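Hi there,

Here is the structure I promised to pass on. Have a look at it first, and then read my notes below.

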Amino acid sequence: MIGRALPKRVRWGAWLAAPAVLLAACSVNERRLHVSPAGDDGAPGTRGAPFRTLHRAQEAARALARDMRGDIIVEIGPGEYRMDRPLVFTEADSGRNGFRIIYRSAAGPGKAVLLGSQPLTGWQPHRDRIWKVGLPPKTVFHTLYENGRRAHKARFPDLERDPRFPVALGRYAVSTDGTPKQTDKPQDRTRGPGWLAYGPEDAPPVSEISKMRLHIFPGGKCDWVREVHAVTAIDPQARRLTFDIDPIHGVGVGARFFLEDELGFLNAPGEFFLNEKEQALYYMPEGEGHPDGLKITRPALGRMIEFRGKSRDLCVSGIALDGLALAETDNAPPQALWAYDGMRDGAMIWLNNASRIEIRDCHLRHGGRSGIMMIGHNVGNRVTGCWIEHMGLNGVSLCNRFRAPGGKDPTPDRCEGNAIHNTRISHVGELHTYAECVTVFNASSNEVAHCELDNSVRYAITVRGNTGAQYGPPITVPYPPARGNRFHHIRVSGCGQDGGDMGALHAANLNNPGGGNVNTFEQIIVADTATIASVQDIAPDGIFLDWPKMAMDQVFRNIEIVRSQGMPLRSNGPDNEASAQMENVSWKPGFRQDLMDYENIGLTKEFPPEFGGRRRPSPTPPAPARLQGRADSHERVTLAWDPVAGEGQAEYVVSRDGVIVGRCCEPRWVDRTVRELTAYRYGVAARIGDFSRFGPASEHKVLTPADRNPPEVTGVRVSPDGRRVRVAFSEPVDAASSAEPSGYRFEPALSVRGITHRGLAAVELDVEGTAPAVGRTLRVVGVADQSAARNRLTDQPPLPVGRFDLTVRYPLDAPAGGDWLEDASGGGGCARLFGGAKVEAGAGPGGASALVLDGAQGFAEGPDDLNLGPGDFTFCVWIWRERAGVIVSKGNGFGAPDQWSFGDGSPDAPGGVALRINNKYFSTAARAVKDRRWIHLAFVRHGAQGATYVDGLPSGGPHDMSGIGPLANDRPLRIGRREHQPNPMWFKGRIAGLAIWPRALNPEEVRKEASPPHGAIFGAENRF
């Protein structure tokens, strides 16, 4: 405590500003009360004769507070305190004269345990390991606990936990049809009951309804909110389910759902069913033995401690909770959206009209709703040193989303000047999908600092303000703003586990252009933002600036995003991102790790050791030992070094002449972008784990040799009309020497009338005479490469003019920059880039290269003779799709039997990708292709049968192709669009590794093509 010599106002200001203040400090005039589980409320509350309950201690403290000359400390002894009603503090309980009333765990953090539940005993066997116990009249609750762990309501399909995504609630069933899907844009909603159809594999085990609830992500793709509805009927023959009201976005095809709260679903350990009519609970315990000995408890409270002032002018203030543990509260009754419920909402610690409240070193676990909620007027409160885990909804919520009486003006209440400091929040959203570790709604000038936020079903942090509807002209609504909030030195991991269209750091409806509602995010690391495989929506991003033109001007400074399944930063509309102030962020060029304050990101050393203490920072490793480099040729350098040892995954960064050129996890790296006769200075540095900086670099110099190898002809291909012959070389060739007709000698002879360059390593010959036929050969002489020596092709034997085993391959290691996408097949099928399309290094799967397309005008165009052919064929491609469009085409795919396109989804298989030929679709399975993650697609024709593959596994099909072909035309191969000019179906996203074979690959070959690139930093899991 700050000394009494300081004026009251100064004392409180110093306390709020100084996180190291010790509550144990005391004044000579402090008074103490004592509480013990073995105490007696009729006792005087001394150390030798303590009270039994906190309610009695509160009465005594309130009486003492009328004349405070020092702090009043309520010493709460170790043990459990079951509460039958909330502990409510009002302004009558406030500290006075600058002093506080402190409720302290006497034996240290977490030792005094407050429980919002009641034990259940008297269990009787029911059937099949299910036990039954009677309940008092009108007993209703919505979650349950066994031995300090959450049980869950009986459901179908059974809950399947994925250890990588511990708060996700799969497995989900999937609708095959339903109430028509709707968008989230303003429109006339479908009214009346909702319905869905399900497949035979998702048939519920019961069809009789007592209190069954449907949990559904609506619209077939809206995986950002899970609605809850009462089921009204199930028709097993029609496989049709109806429910009370239609979801906000309809149902459609592909909506994830599960059913809950029916005795017929109770078949797995940890499931319960509450029969309210007979006032009985049915439960299948996880533990062995009689349930009376398994510590099974039912929650009795939705709130455990309330700070409830009379008004903003009569706040409850000057109270501290020190080291208490709170556990086992109830969830709210099911509602349609079942997320936020305003002033009626529950939290283990709930504050309204509160100021200068400190919650220090407290452990909140297994809550039905939120851990801490500051709602409405809250000023100058502080949460520090706390551990908040396993919440049904949120960790800490700051919400002032209210209007003044009358509904026209902003409320004069303020949620400002509060601090969440040195706090670990983990495993949130265990019962609700729209959940987050920290919520800041219409609250300003608050601080969240030195925190660890992990394992959230959705957000780590979400900030929302006072703009209005998402679509239409920007407007402002009369809610208080959200501005001046600062989030810094935060460690985030494992968020977004059961939803899409989100970011671990999220901002929405904050700020119209020029609105001035700016919040700052700095010194933050976000790792492993990813979701379970069943999610159909846009993959989770590191940061998401939501609502067009309504998350403007936010500040991001010294931010590192690691392994985001989606994008590091995504913006709903370009304006949010364009207006953001970004300094030293990892997704922009020039990111500097030396500006990251790794040592102080996350919890501080003051975090209670009883709660696990601060994570030990990974030591900075030394420079990798024995770095060796060799020039394998004039165009390739190989580096190798000894791996560094430590706890966690080692990551290496490779620089060349001071510029970072690669990152990897294996102690080996190959540079394929070097030039001849050049000295390079390589550096390799290492780090262990994500939340640390790279150590010093080892350095090694390599001199590449001169190019002494003449170019080679890798293939000669004839056009369908026989009038053009394309010649491909092994490397870029000299323009002048490759344009000499005398250098191309056909046998039997053909006259070369003209030569056109097709990329750096291919030319196309305009020939005259008898059309090339089987048996014709070509010998090339005198063509030089572009090396310093201008090596000339002199003695290569004649090559046949004909087909290739590999039609075209645009490789995963395609060089960045330039105007061409180079063909690595040896057939000279280079594709010209148009409309701003570009090849970016590191933009592909596992850090490979990718063709980046804007979905508006960017595409690549290859030669017109790259046909699938008259018989068997295979094509494979990696895609990262932001918006559906044509991936690759040769023509339109409709109106002509020899034209085709790949990418436009079949109407019968939404969420898939189809090969379209003459308006016939050969599709993957519905919903098989997810947006904003790397997916490998393949199509194989073998005889009269076609097969589609997703990530190396069959999907959809087999397809009858007996009436299809031959697929040979003179249209150019296009990547990222189709030929049809009125509607080109532009592809938005990234495309990599496209390859076409004039044969059918077998399933093992397809799986090999779908394997992630060797040495990829993130491995295969990054795309799921």
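**What I found**

Strand β23 (residues 316-322) and strand β26 (residues 354-360) pair in the parallel sense, over six bridges. Some vocabulary before we go on: helices (H or I, at least four residues) and strands (E, at least two) are DSSP runs, numbered from the N terminus. Two strands pair if DSSP finds at least two bridges between them. In general, strands of a sheet pair through backbone hydrogen bonds, either parallel or antiparallel.

Please keep in mind that this is a predicted model: local features need pLDDT of at least 70, side-chain atom pairs count only at pLDDT 80 or more, and totals for chains, interfaces and linings use all residues. Residues are numbered from 1 along each chain as its sequence is written, and side-chain values use heavy atoms, with hydrogens and water left out.

**How confident is the model?**

The pLDDT (the predictor's confidence in each residue, from 0 to 100) averages 90 over the protein, and 94% of the residues score at least 70. Over residues 1-26 the pLDDT is below 50, and this stretch has 47 contacts in the model beyond near neighbours in sequence. A contact here means heavy atoms within 4.5 Å. Residues 1014-1024 also have a pLDDT below 50, with 24 contacts beyond near neighbours in sequence.

**Back to β23**

Within the pairing with β26, Leu321 stands opposite Ile359. β23 also pairs with β5 in the parallel sense, over four bridges, and there Arg104 has Asp322 of β23 as its bridge partner. How many of the residues of β23 are buried? Seven of its seven are, where buried means under 20% relative accessible area, exposed over 50%, and partly exposed in between (1.4 Å probe, protein chains only).

**The cores**

A nonpolar core is a set of buried Ala, Val, Leu, Ile, Met, Phe, Trp, Tyr and Cys residues joined through side-chain atoms within 4.5 Å. The largest one has 82 residues, and those touching the most other members are Ile305, Phe307, Ile349, Ile359, Leu453 and Val492. Helix α2 gives the most to this core, with four residues. A second, separate core has 40 residues, including Ala814, Phe875, Val877 and Leu973.

Try clicking on Ile349: leaving out residues up to four places away in sequence, its contacts include Ile305, Phe307, Leu321 and Ile359. You've met Leu321 and Ile359 already, as the pair that stand opposite each other.

As for α2 (residues 54-64), its buried residues are Leu54, His55, Ala57, Gln58, Ala60 and Ala61. Among the elements covering them are β1 (31-35), β2 (72-76) and β5 (101-105).

**Two residues to look at**

Glu75 is found in strand β2. Is it buried or exposed? Glu75 counts as buried because its relative accessible area is 11%. Beyond residues up to four places away in sequence, Glu75 touches Arg32, Leu33, His34, Val35, Arg104 and Ala106.

Trp123 sits in the loop between β7 (117-119) and β8 (124-127). With a relative accessibility of 1%, Trp123 counts as buried. A polar atom of its side chain lies 3.1 Å from the backbone oxygen of Leu120. Not counting residues up to four places away in sequence, Trp123 touches several others, among them Trp131, Leu281, Tyr283 and His290.

**Cysteines**

In general, a disulfide is a covalent bond between the sulfur atoms of two cysteines. Using a cut-off of 2.5 Å between the sulfur atoms, a search of the whole structure finds zero disulfides. For Cys315, the nearest cysteine sulfur is that of Cys415, 11 Å away. For Cys362, the nearest is that of Cys386, at 4.8 Å. Cys315 is buried at 16% relative accessibility, and Cys362 is buried at 0%.

**One more sheet and a hairpin**

Eight strands form an open sheet, in the order β61-β62-β65-β75-β67-β68-β69-β70, with antiparallel pairing. Its edge strands, β61 (820-821) and β70 (920-923), each pair on one side only. Two bridges join β61 to β62 (residues 831-834), and Leu821 stands opposite Ala831.

Elsewhere, a hairpin joins β46 to β47 through two residues. β46 (residues 628-633) and β47 (residues 636-640) pair in the antiparallel sense over five bridges, with Ser633 opposite Arg636.

Have fun exploring!

Conventions: A polar contact is a pair of N or O atoms within 3.5 Å; within protein, one must be able to donate a hydrogen and the other to accept it, and residues adjacent in sequence count only if both atoms are side-chain atoms.
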